[in-house]
Amino acid sequence: MGEYINQFTASINDPEAFWGKAAEAIEWSKRWDRVLDDSRAPFYRWFGGGRLNTCHNALDRHVAAGRAQQTALIYDSPVTGVVEHFSYAELLDSTAKLAGALASLGVGKGDTVVIYMPMIPQAVFAMLACARLGAVHSVVFGGFAPKELAIRIDDAKPKLVLAGSGAREGNKIIQYKPLLDEALRLSQHQPEAAVVYQRPLAPAKLDNKRDIDWNELVEQASPAPCVDVEANDPLYILYTSGTTGTPKGVLRDNGGHAVALRWSMENIYDTHPGEVFWAASDIGWVVGHSYIVYAPLLTGCTSVLYEGKPVGTPDAGAFWRVISDHGVKTLFTAPTAFRAIRKEDPEGEQLQRYGLDAFRYLFLAGERLDPDTYHWASKKLKRPVIDHWWQTETGWPVAANCMGIEALPVKAGSPTVAVPGYDLRILDSDGKELGANQEGAIVIKLPLPPGTLPTLWQDDERYKESYLCDFEGFYSSSDEGYMDEDGYLYVMGRMDDVINVAGHRLSTGSMEEIVATHPQIAECAVIGAADGMKGQLPLGFFVLKSGNNADPAKVTEELVAMVRKQIGAVACFKQALEVKRLPKTRSGKILRATMRKIADGKDYSVPSTIEDPTVLGEIAEALAEAGYPSLAPANDSNPHYS
Ligand code: COA
Ligand code: AMP
């Protein structure tokens with residue numbers, strides 16, 4: 001651990017020197033006054049006084065430095081049969097034009113813009129155009145239903161909404177425009193305009209007086225220049241699930257973000273200017289923000305924007321085809337994608353059809369990487385498979401095997417060690433630091449490094465409450481786990497009601513809020529149960545109101561429809577079980593963690609605070625009848641694997 005230890009120690013002992021040096025890789029119009037401002041701790045600020053523009057660093061500077069003809073973005077869309085290449089000059093052109101169009105509608109520095117778009121190049125233009133104007137974008141994942149979009153619109157209060165008219169999901173065409181109209185009917189805040197990009201696969205009626213046709217608007221616009229912002233001015237808001245139904249608006253600044261992402265590309269991903277990077281995710285998630293859009297472009301790489309799935313578009317060879325066609329060096333996706341590929345092509349026969357000469361690394365994150373999937377991917381790909389751990393809040397990896405610094409030995413089941421900048425610790429519930437192999441809360445000693453969330457959008461209090469109050473002086477990740485004697489981290493799972501479904505972060509709390517509104521239900525709980533394909537799936541329990549003899553199957557059907565309508569298909573809420581009672585503590589708290597263990601077939605102890613232990617038997621019976629824990633991943637019941 002030579003070079004890694006050197007870098008890690010330098011970053012913790014003298015963060016100002018470490019990040020000040022990293023910041024030299026970014027073009028600033030004015031150098032910062034201080035690298036780290038701790039005068040308002042626990043609110044830390046990086047590069048205060050510095051001025052820059054993120055879009056300039058992602059596009060203009062590369063064009064000026066000779067990368068004009070290099071491909072910046074490859075749009076590969078098996079669902080429409082289109083492959084398009086955009087050089088840095090072309091991407092700059094399209095972005096500047098769109099920025100001019102947005103400016104013509106009055107969008108300027110500090111204004112918010114909601115982007116509700118599928119995986120098309122225009123979505124990337126939109127994010128960068130906002131950055132160009134100093135406006136703050138908030139991308140909402142296309143799989144969310146109108147109500148979720150409305151919640152985000154009410155919180156971000158956008159001047160404009162930018163939308164695509166629709167997308168293809170499997171065999172379905174999803175019309176986005178009616179979803180947007182419904183969201184704007186539900187939201188209190190009304191944007192001044194909705195700019196809609198028409199896709200031939202899903203033409204939309206622009207029949208509302210706020211609707212504007214994207215192409216017509218852009219045609220009339222002149223390109224807009226970059227607007228300088230202060231390092232701590234906001235670049236974007238990305239809403240993420242918390243314990244309650246109200247999502248948290250994670251805020252990202254401009255300066256620290258650019259510095260950290262630029263650093264991460266070479267040091268963590270070992271991917272350099274001119275090389276091809278592919279994050280197979282969606283721009284609606286943090287992986288898409290950081291590693292489809294910003295980091296590869298800030299680095300002068302070629303980024304792949306893939307509008308397809310790992311399987312079914314058209315087959316389980318889709319990823320190998322993209323890697324081969326575009327000379328991808330580094331692929332980043334979620335383990336669930338590999339489980340999907342493995343299920344369809346267990347022998348990896350599809351791999352033989354493609355040349356993967358340029359392919360060097362597979363990085364996986366977003367959910368726990370089960371050892372079976374790790375071993376399968378390593379064996380079939382014969383390349384390093386790197387598990388790494390981070391969160392929407394941090395914006396870039398917290399624990400990883402930093403391939404650009406030093407390749408450390410892999411331990412299956414561990415995302416390796418703390419990345420330079422992150423002082424990772426494990427604490428018990430009293431805040432006492434735990435030793436090697438002792439399980440507790442995974443926390444990061446403040447200050448967090450650049451690029452991580454400085455606060456929540458217009459909600460300093462919630463930021464403090466959510467992340468800083470559990471352990472004074474530390475950021476609480478809400479994940480639990482342990483570190484071994486070599487400092488390798490093992491992430492065991494969330495301590496709150498957040499679940500991970502196919503790498504998508506969702507709140508069981510928000511599902512519970514919906515289930516509870518069913519008129520025939522007295523009380524309910526929603527937990528995340530292990531699933532061999534998607535990692536976790538939500539599972540509901542409900543108690544019918546007394547004297548109510550409703551058909552449980554019909555109630556379940558109604559609940560499934562309610563959650564799908566209110567959160568969206570992405571919630572994957574497909575199962576709810578009727579029970580006579582829910583297990584509770586004497587003070588009335590539902591014992592969700594114990595229910596989760598029963599569902600997953602794990603050992604559990606009966607909590608001493610339980611009101612009536614016999615209820616647990618009833619829950620186990622209901623679960624067994626419904627086929628649980630047969631959905632848990634095979635051969636992986638013990639999380640302390642090696
Ligand atoms: N717009 C509208 N609907 C969407 C959507 C979008 N952008 N994305 C997903 N959905 C829908 C799906 O069509 C599906 O609907 P259904 O219930 O009618 O079938 C539902 O939401 C659940 O989607 P998902 O959980 O993604 O399941 P899937 O079967 O469509 O695909 C995987 C499963 C594993 C192939 C896919 O989730 C995947 O590739 N995941 C890994 C990569 C990734 O996106 N990671 C995220 C963070 S790194
Ligand atoms: P998101 O904010 O959507 O990126 O989800 C973050 C959460 O996903 C984390 O808090 C973890 O619970 C989980 N997660 C992400 N990466 C990993 C990983 N490599 N191993 C285990 N859990 C992970």
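This is a walk through a predicted model, stop by stop, with something to select at each one.

**Stop 1: the two domains**

Start by colouring the chain by domain. Domain 1 takes in 2-308 plus 388-482, and domain 2 runs over 496-625. Put a centroid on the C-alpha atoms of each and you'll find the two centres 33 Å apart. The contact between the domains draws on 19 residues from domain 1 and 17 residues from domain 2. Keep this colouring on for the next stop.

**Stop 2: ligand 1**

Now select ligand 1 and show what surrounds it. You should get 25 residues, and the closest are Glu169, Lys172, Lys309, Lys534 and Arg564. Where does ligand 1 lie relative to domain 1 and domain 2? Both domains give residues to its shell, so ligand 1 lies between them.

Next, turn on secondary structure. Strand 10 (172-175) and helix 12 (335-344) each put at least two residues into the shell around ligand 1. By residue type, that shell splits into twelve nonpolar, seven polar and six charged.

Zoom in on the oxygen atoms of ligand 1 for the polar contacts. One oxygen-to-side-chain distance, to an N or O atom of Arg564, is 2.8 Å. For the side chain of Lys534, the corresponding distance is 2.9 Å. The backbone joins in too: a polar backbone atom of Val570 sits 3.4 Å from an oxygen atom of ligand 1. As for cover, ligand 1 on its own has 930 Å² of accessible area, and the protein covers 83% of it.

**Stop 3: ligand 2**

Hop over to ligand 2. Its shell has 14 residues, and the closest are Asp387, His388, Thr392, Asp479 and Arg505. Sorted by type, the shell residues are three nonpolar, five polar and six charged.

Which side chains make polar contacts with oxygen atoms of ligand 2 here? Try Thr392, with a polar side-chain atom at 2.5 Å, then Arg505 at 2.7 Å. Add Arg494, where the distance from a side-chain N or O atom to an oxygen atom of ligand 2 is 2.8 Å. Ligand 2 would expose 490 Å² if taken alone, and the protein buries 93% of that.

**Stop 4: helix 6 and what comes after**

Select residues 146-156, which make up helix 6, and show side chains. The buried ones are Pro146, Glu148, Leu149, Ala150, Arg152, Ile153 and Ala156. For their cover, light up strand 6 (112-116), strand 8 (160-164), helix 7 (176-186), strand 14 (234-240) and helix 16 (552-566), which are included in it.

Step one residue past the end of the helix and you land on Lys157, in the loop between helix 6 and strand 8. Check its backbone: phi is near 50°, a positive value in a residue that isn't glycine. Is Lys157 buried or exposed? Neither, quite: at 49% relative accessibility Lys157 counts as partly exposed, because that class ends at 50%.

**Stop 5: Pro191**

Move on to the loop between helix 7 and strand 11 (193-197), where Pro191 lies. With 6% relative accessibility, Pro191 counts as buried. Leaving out residues up to four places away in sequence, Pro191 touches Pro158, Lys159, Leu160, Val161 and Leu184. For a sense of scale, draw a line from the C-alpha of Pro191 to that of Asn437: the two are 246 residues apart along the chain and separated by 52 Å.

**Stop 6: helix 9 and the loop after**

Select Arg262, which is in helix 9 (residues 255-267). Despite its charge, Arg262 counts as buried, at 13% relative accessibility. Its contacts, sequence neighbours up to four places away aside, are Ala25, Ile26, Pro273, Leu298 and Thr299.

Then look at Asp270, in the loop between helix 9 and strand 16 (276-279). Asp270 has a positive phi, near 50°, and isn't a glycine. At 13% relative accessibility, Asp270 counts as buried.

**Last stop: two cis peptide bonds**

Finish with a pair of prolines. Which residue is joined to Pro314 by a cis peptide bond? Thr313 is, with omega about 0°. You'll find Pro314 in the loop between strand 17 (302-306) and helix 11 (318-326). The peptide bond from Leu446 to Pro447 is cis as well, with omega near 0°. Look for Pro447 in the loop between strand 24 (440-445) and helix 14 (460-468).

Methods. Residues are numbered from 1 along each chain as its sequence is written. Chains are lettered from A and ligands numbered from 1 in the order in which they are written. This is a predicted model: local features need pLDDT of at least 70, side-chain atom pairs count only at pLDDT 80 or more; totals for chains, interfaces and linings use all residues. Side-chain values use heavy atoms; hydrogens and water are left out. A residue is near a molecule or strand if one of its heavy atoms lies within 4 Å of it. A polar contact is a pair of N or O atoms within 3.5 Å; within protein, one must be able to donate a hydrogen and the other to accept it, and residues adjacent in sequence count only if both atoms are side-chain atoms. Accessible areas come from the Shrake-Rupley method with a 1.4 Å probe; for residues, only the protein chains shown count as cover. Helices (H or I, at least four residues) and strands (E, at least two) are DSSP runs, numbered from the N terminus. Domain bounds come from an automatic or database domain assignment. Buried means under 20% relative accessible area, exposed over 50%, partly exposed in between (1.4 Å probe, protein chains only). Contact means heavy atoms within 4.5 Å.
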